[in-house]
Amino acid sequence: MEQAAPDPERLLQPAPLEPLSHPDAGLESMVGEETKGARDEGPGDGTMTENNFSLKKIEISVSEAEKRTGRNAMNMQETYTAYLIETRSVEHSDGQSVLTDSLWRRYSEFELLRNYLLVYYPHIVVPPLPEKRAEFVWHKLSADNMDPDFVERRRIGLENFLLRVASHPILCRDKIFYLFLTQEGNWKETVNETGFQLKRVADRLYGVYKVHGNYGRVFSEWSAIEKEMGDGLQSAGHHMDVYAASIDDILEDEEHYADQLKEYLFYAEALRAVCRKHELTQYDLETAAQDLAAKKQQCEELATGTVRTFSLKGMTTKLFGQETPEQREARIKMLEEQIKEGEQQLKSKNLEGREFVKNAWADIERFKEQKNHDLKEALISYAVMQISMCKKGIQVWTNAKECFSKM
Amino acid sequence: MCGFADSSWKEISGPFTWTFGSCYLYTKRMGFLPALHRLLPCCSNTTDLILPNGGTPAGTASPASSSSLLNRLQLDDDMDGETRDLFVTVDDPKKHVCTMETYITYRITTKSTRVEFDLPEYSVRRRYQDFDWLRNKLEESQPTHLIPPLPEKFVVKGVVDRFSEEFVETRRKALDKFLKRITDHPVLSFNEHFNVFLTAKDLNAHKKQGMALLTRVGESVKHVAGGYKLRNRPLEFAAIGEYLDTFALKLGTIDRIAQRIIKEEIEYLVELREYGPVYSTWSALEAELAEPLEGVSACIGNCSTALEELTDDMTEDFLPVLREYILYSDSMKSVLKKRDQVQAEYEAKLEAVALRKEERPKVPADVEKCQDRMECFNADLKADMERWQNNKRQDFRQLLMGMADKNIQYYEKCLLAWESIIPLLQEKQEAK
């Protein structure tokens, strides 16, 4: 996928909200692919996901925060804060707004969304999230994520994040963003839930099969007091025993399928790891750029003699006397060298970053293909398993029916 | 021709009602062919039944002409399809709302070529109360016979909706079975109460009138003082008593198992109904996999529907018939008890006579009557028991085959659903 080489300078600027001047054709088609492939979900007509936020006015707010307790992936109790996201559509005619969706999300889900956006739109500067940890809380001694002030600041930060994404002409069309606002339960939880529900279903099915085993015994006892009916009952009872026993093999296969689903979830972890790496490289790049900018500024000041920024050197110079022109020249030369070095470093870091994104992207694409293929295989073998179970069921009951007919 | 239709037949057979037992008794007295074990014709020709002493037979005459009745005897005891001349159906339930109460009536359609029926076809409406009345009358008037059971009278209000479609349909089927069993019975089907039930425009008027002509054998069974033990219960009755005990137990167990299975299936259904939609939710978050996942969701939905149909069928068709047979064997046992009482009375009387010292040790008339009564009862009951055993075998054969069938159909529906999504899952994604 061809990417237009971004100006390094552009990378330095704080999140620009204006669209890219020539959006990459490849980028757009990828976006289109994402939304086209999936079915259009949600209320209203099918075109809504495509045009949702650009044609209709949407109001998004993170209106409430609530403390919750739950179980995490390690099945340990944890406390966290959930935030209520409300989406309103504004009617053009009267300006009235109607609440269309509302659901609760926690910080980690916002993170997941942002990571997803970072990866799928590597060319776009994705709006930032508020800080993860309460590092600095006014007039409090310890960092506490439950602190009401922190929660309030975070709430505002999360709201800003959503509003910025919604006002971005490309990001706002993203299907996952739309689902984030409207659909309870994200992808990972959904796949997880499939596994849980499968277990519950399997337990119940076990019960149904096993109770049939009782028929075997009672038919046998009954056949003892019957003359003509005896044989038929006895042999039918045997088939009921076979039926009851068959569930054990069936459930073994179902467990295998559940395992395949779990494996599939590792894809999410892989995605997360890539996003983290990308963030680190971005951070690195930004720091280097800032550094460079500071040095350039310093250099300019020294050359022109004006002091615009506070520097320790400047202060000491003021207090303890000017430096000599030779000293100044030396410093300027040093700075110029550092700037040159810095510019080179920035260039290479930039290249590195882009290289990383390109490879990571390719990797993720490949992984996505693999995951889709693997999951399809899993679904097919699940279906095959169900078919086999049905055929066995038909066989057993047909045999039993024949025994009954001989009664 | 014998004067069976003549009302003076009443005198000879004493306080009996006309049954094949009476026929047996009569033929024994007259020295014709011995015991009527099965309902075989006691004579090949109605003309044989002319009374030798020229007297006229006494006894209660049934509305059925005895000659036509004996004609029937010449055929197979079980009236099969080809010789059937009486058809009764219960259908068309309707709700009636009155000021005092609300109830359901059913249409009873009768088609018959029998002479006992003035018209070839009848259509009347009856409610459960009327069926109950009929059964009581049959028990009274035919105490030596096994009367088929009715579906349960009382339902726990609040638990069961007695006006729901399922309940009414289940009841209708049971009432239809009840009448068909009577129709199939060579003696009961000729009972006058049965006739009235099928034909009378206003049954209530008949109920009030009462059938004073018939006396109850039950009345004449005196209470046997002081726990008199039966000398020797005939083997066949002892055997069937034991059989019925075990049979009822096994049926009870089967009923509990069937209920448990339905309960487990319903719980399985609840989970399935939550499981399917999860695939839908997941599908919404996918691109390439969206269609396959949606397909799986729909497939599970279809299986859920099939399972629901299975549990409904079992509840409506299987369980009620099972319970009916438990009631049937209960009523069989009470008839056996009555038979025991009759035998006990006879033996008590016999013993009383033996203790009396008399010059001429002639068996008094009333003891003989007792003996006749007992032997009649034995014959009727034995015949009914055999009929019951045959019917039971057919009924259970049908019931259990039906159960197997429903399960087969369930699996076939599921098989179809899963087989149809395989191509969807294997479909290659079109190049974008």
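I began with the salt bridges across the interface of chain B and chain A in this predicted model, and the rule finds six of them. One that I looked up by name joins Lys392(B) to Glu226(A), with the closest N and O atoms 2.7 Å apart.

I then turned to polar contacts across the interface of chain B and chain A, where I noted 14 residue pairs, both residues of each pair being at pLDDT 80 or more. On the side of chain B that touches chain A, I find that α8 (235–284), α9 (290–355) and α10 (365–426) of chain B each supply at least two residues, and that α8(B) gives the most, with 26 residues. Sorted by class, that side of chain B has 35 nonpolar, eight polar and 18 charged residues.

For the extent of the interface, I recorded 61 residues of chain B in contact with 66 residues of chain A. The two chains bury about 6100 Å² between them, 72% of it on carbon and sulfur atoms; in chain B, the residues that lose the most area to chain A are Trp282(B), Leu285(B) and Tyr411(B), together 12% of what that side buries.

Last, I checked helix α4 (residues 165–184) of chain B, whose 20 residues should span 28 Å at 1.5 Å a residue, and the end C-alpha atoms are indeed 28 Å apart, which agrees. Its buried residues include Phe167(B), Leu175(B), Phe178(B) and Ile182(B), but also the charged Arg171(B), Arg172(B), Asp176(B) and Arg181(B). I traced the packing of the buried residues of α4(B) to β1 (86–97), β2 (102–112), α3 (128–141), α5 (192–199), α9 and α10 of chain B.

Notes. Residues are numbered from 1 along each chain as its sequence is written. Chains are lettered from A and ligands numbered from 1 in the order in which they are written. This is a predicted model: local features need pLDDT of at least 70, side-chain atom pairs count only at pLDDT 80 or more; totals for chains, interfaces and linings use all residues. Side-chain values use heavy atoms; hydrogens and water are left out. Contact means heavy atoms within 4.5 Å. Buried area is the accessible area (1.4 Å probe) that two parts lose on being put together, summed over both. A salt bridge is a side-chain nitrogen of Lys or Arg within 4 Å of a carboxyl oxygen of Asp or Glu. A polar contact is a pair of N or O atoms within 3.5 Å; within protein, one must be able to donate a hydrogen and the other to accept it, and residues adjacent in sequence count only if both atoms are side-chain atoms. Helices (H or I, at least four residues) and strands (E, at least two) are DSSP runs, numbered from the N terminus. The expected span of a helix is 1.5 Å times one less than its number of residues. Buried means under 20% relative accessible area, exposed over 50%, partly exposed in between (1.4 Å probe, protein chains only).
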